[in-house]
Amino acid sequence: MARVDEPHYRRLFREFLRQSYINGLHPLLYRSPVRYARALWLALLTAIVIYTHIVIVNLTQEYLVQPTEIHLAPDLVHVANSPFPAVGVCTSNKISHRLLRDYAIKLYEHQGNSSQQVVGLEVDDLADRLLVLAQFYLTPLDSVQWNVTELNRLHWLLNSYHNDSGYSVRDILRQLSPDCGELVIRGIVYGAPVNTSRMFLKRPTSSNVCCIFNYRRASYSRFADKRALDDAEMRAVPKVVFESNSILNSVQFVLQDIPKEDYTNTIRTNNAFQLKIFPQEDYATVLSTTLGEILVDHNTIVEIPIQPSFFSSTEDVRSVVPHKRRCYFPEEGRQLLNQSYYSLDECLQMCRIKSMMDHCGCVSPPMVGSSINLTYCMLPDLPCLWRWKSIWYGHNDFAYLENMDEQFGQRQCEHCLPTCNGVSMSITTNVAPLRRAYNSSGYIVGLLKGLNNERPLAIIKFFFKLRFAQATKSQLVSNWVVLLNRFGGILSLMYGFSIVSYIEIMYYLTGKWFVYIYRSLKSRRPRKSVHSHSLYWHELIPIGLRRNPQNN
């Protein structure tokens with residue numbers, strides 16, 4: 001390989017340092033009385049260049065991961081534009097002992113008239129076996145209580161009792177839970193007394209049968225006639241216009257627990273009332289929102305201020321893919337779930353249903369929250385549901401022995417994202433003790449007038465915390481033009497760099513360098529030099545077009 005003369009290297013490097021517009025290169029041309037001055041100056045320039053490009057790479061990575069920014073809107077929005085959430089009130093006792101025994105008597109009488117093998121010898125024995133229906137709730141700590149043979153016998157009895165047309169575990173659990181008029185006995189909505197039995201709808205959830213206030217979701221019973229009755233009941237609920245007034249004009253309800261003798265032997269960690277607060281069109285459970293569940297102890301007054309927050313996204317955000325902007329627009333969410341309503345909890349619910357269908361081939365009846373065609377789990381499917389819950393909730397004691405893909409069932413739902421436009425709500429709780437009545441006649445004034453403490457009581461109050469709420473808007477501000485603007489500002493600030501400087505460096509490393517290599521390979525003997533003082537573009541001019549100064 002031919003060797004390029006050393007003076008060409010030096011001349012090319014010196015001309016680059018002399019002609020370049022990059023700041024800080026000229027001190028490298030001149031000698032300094034200070035020893036190693038040019039080496040120190042070169043090290044400083046190198047450190048600045050490396051740091052600058054690290055900053056640029058980080059900015060680029062942030063833009064690729066999240067190209068949107070959230071700006072806080074300066075205008076406040078009145079809370080009258082916010083929907084009031086649905087409120088579910090649940091007792092800790094999943095099944096009423098009184099209602100369970102009545103149902104067991106009917107099954108026992110039907111069993112006596114049948115020629116098939118009996119399930120329970122006595123009514124109490126049969127009632128005790130019916131408690132296995134509570135295992136259909138998605139309680140993480142459930143344990144297997146009956147073997148497959150006993151489950152099959154009970155399954156046959158329930159199927160025979162319902163004329164072999166199939167029984168609905170969801171409707172049976174709903175039948176065995178106390179009515180809303182027994183659980184929520186009184187109420188005042190913005191100063192006006194209301195009939196709580198008409199204001200609350202009795203609906204199964206994934207963990208219990210609850211009485212739900214301000215619910216706007218259609219029924220999801222497996223039977224068409226039952227769905228029609230539930231929808232008619234929902235339409236008959238009086239409409240409430242929610243106001244943003246003070247705590248003296250809030251929504252208040254009195255809760256009364258069932259008698260102790262009505263409790264059954266089902267899994268419960270405490271005796272407190274359970275409140276589920278969620279959007280009024282969602283399935284009656286809490287999977288992702290900041291509202292969550294609230295435990296209301298007996299003999300307490302719980303005030304729950306609600307503060308909405310409005311959020312929206314501009315149209316230019318649509319150009320960003322959903323997994324980068326971290327949200328779905330309404331039509332994208334509806335297309336994802338193939339139904340007319342989308343929310344983050346709805347997506348998580350459908351994902352959980354799909355996981356259950358893949359594992360067991362059926363869905364737990366209380367969990368079905370939509371009208372899509374699904375296969376409902378029956379009593380023989382309970383062992384599979386128990387295994388599914390241990391995988392989904394990830395509490396297997398021997399996880400290291402299992403397939404790790406099965407240990408994180410909830411990670412299957414990472415495609416579920418919140419909506420780009422909507423309202424989010426935050427809540428706080430203020431708890432105060434409820435004084436007991438002074439005598440056996442009970443309370444004499446107020447909302448508790450005429451009630452006594454024979455059964456545990458509690459009062460819950462809901463109201464908007466403030467009259468106005470803050471709004472946030474997500475808009476696309478970090479497009480490629482803004483990104484280049486940031487790059488140019490950083491490069492100019494550090495050492496007067498620009499895109500043209502990159503082109504200049506590439507020119508010296510490719511164009512002029514190639515010319516020197518090419519000339520050294522082509523001519524092996526000295527040539528008569530051409531009198532020219534430019535090293536920029538003269539080398540690239542064809543030989544025939546060059547002008548010889550001696551011929552002028």
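These are my notebook entries on salt bridges, the nonpolar core, surface patches and a few single residues in a predicted model.

**Entry 1: salt bridges**

I began with the charged pairs and took the count of salt bridges, which comes to 14. I looked at three of them one by one.

I started with R101, whose partner is D124; the closest N and O atoms of this salt bridge are 2.2 Å apart. I then asked which elements the two residues belong to. R101 is part of helix 3 (residues 97–112) and D124 is part of helix 4 (residues 123–130), so this pair ties together parts that are 23 residues apart in sequence. I also looked up the accessibility of R101, which is 34%, and noted the residue as partly exposed.

My next pair was R174 and E233, whose side chains form a salt bridge with an N to O distance of 3.8 Å. R174 sits in helix 6 (residues 169–175) and E233 in helix 9 (residues 224–235), so parts that are 59 residues apart in sequence are tied together by the pair. Is R174 buried or exposed? I found R174 at 9% relative accessibility, and it counts as buried because the cut-off for buried is under 20%. E233 is at 32% and counts as partly exposed.

The third pair was E293 and K276, with a salt bridge of 2.7 Å from N to O. Here I noted two strands: E293 lies in strand 9 (residues 293–296) and K276 in strand 8 (residues 273–278), so the pair ties together parts that are 17 residues apart in sequence. The accessibilities of the partners went into the notebook as well. E293 is partly exposed at 46% relative accessibility, whereas K276 is buried, with a relative accessible area of 1%.

I then checked for shared partners. R174, R203, D230 and E233 are joined into one network by salt bridges that share partners.

**Entry 2: nonpolar core**

I turned to the inside of the model. Which residues of the largest nonpolar core touch the most other members? This core has 65 residues, and the ones I wrote down are L130, L133, L158 and L379.

I went through the elements that each supply at least two residues of this core. Among the helices are helix 3, helix 4, helix 5 (148–161) and helix 6, and further along helix 12 (344–360) and helix 13 (382–392). Strand 2 (86–90) and strand 6 (209–213) are also on the list. The largest share, seven residues, comes from helix 12. As background, I noted that nonpolar side chains tend to be buried together in soluble globular proteins.

**Entry 3: surface patches**

I looked for patches on the surface and recorded two. A positive one is formed by R14, R18, R31 and R38. Of these I followed up R14, which is in helix 1 (residues 6–19). R14 has a relative accessible area of 41% and is partly exposed.

The other patch is nonpolar, covers about 340 Å² and is made by Y51, L493 and M494. I placed M494 in helix 14 (residues 480–495). With a relative accessible area of 32%, M494 is partly exposed.

**Entry 4: two C-alpha distances**

I looked up L131, which lies in the loop between helix 4 and helix 5. L131 counts as buried at 9% relative accessibility. From L131 to H97 the C-alpha distance is 9.7 Å, with their positions 34 residues apart in sequence counted as the separation.

I did the same for I499, placed in helix 15 (residues 499–522). I499 is at 57% relative accessibility and counts as exposed, because the cut-off for exposed is over 50%. I499 and G488 are 11 residues apart in sequence, and their C-alpha atoms are 8.1 Å apart.

**Entry 5: positive phi**

I ended with backbone angles. Where is N214 found? I located N214 in the loop between strand 6 and helix 9. Its phi is near 65°, which is positive in a residue other than glycine. N214 is buried, at 7% relative accessibility.

R326 is not a glycine either, and has a positive phi of about 65°. I found R326 in the loop between helix 10 (322–325) and helix 11 (330–337). R326 counts as partly exposed at 43% relative accessibility.

Methods. Residues are numbered from 1 along each chain as its sequence is written. This is a predicted model: local features need pLDDT of at least 70, side-chain atom pairs count only at pLDDT 80 or more; totals for chains, interfaces and linings use all residues. Side-chain values use heavy atoms; hydrogens and water are left out. A salt bridge is a side-chain nitrogen of Lys or Arg within 4 Å of a carboxyl oxygen of Asp or Glu. Helices (H or I, at least four residues) and strands (E, at least two) are DSSP runs, numbered from the N terminus. Buried means under 20% relative accessible area, exposed over 50%, partly exposed in between (1.4 Å probe, protein chains only). Patches are made of residues with over 30% relative accessible area and no salt bridge: like charges are joined within 9 Å, nonpolar side chains (Val, Leu, Ile, Met, Phe, Trp, Tyr) within 5 Å. Accessible areas come from the Shrake-Rupley method with a 1.4 Å probe; for residues, only the protein chains shown count as cover. Lys and Arg count as positive and Asp and Glu as negative; His and the chain ends are not counted. The place of a charge is taken as NZ of Lys, CZ of Arg, CG of Asp or CD of Glu. A nonpolar core is a set of buried Ala, Val, Leu, Ile, Met, Phe, Trp, Tyr and Cys residues joined through side-chain atoms within 4.5 Å.
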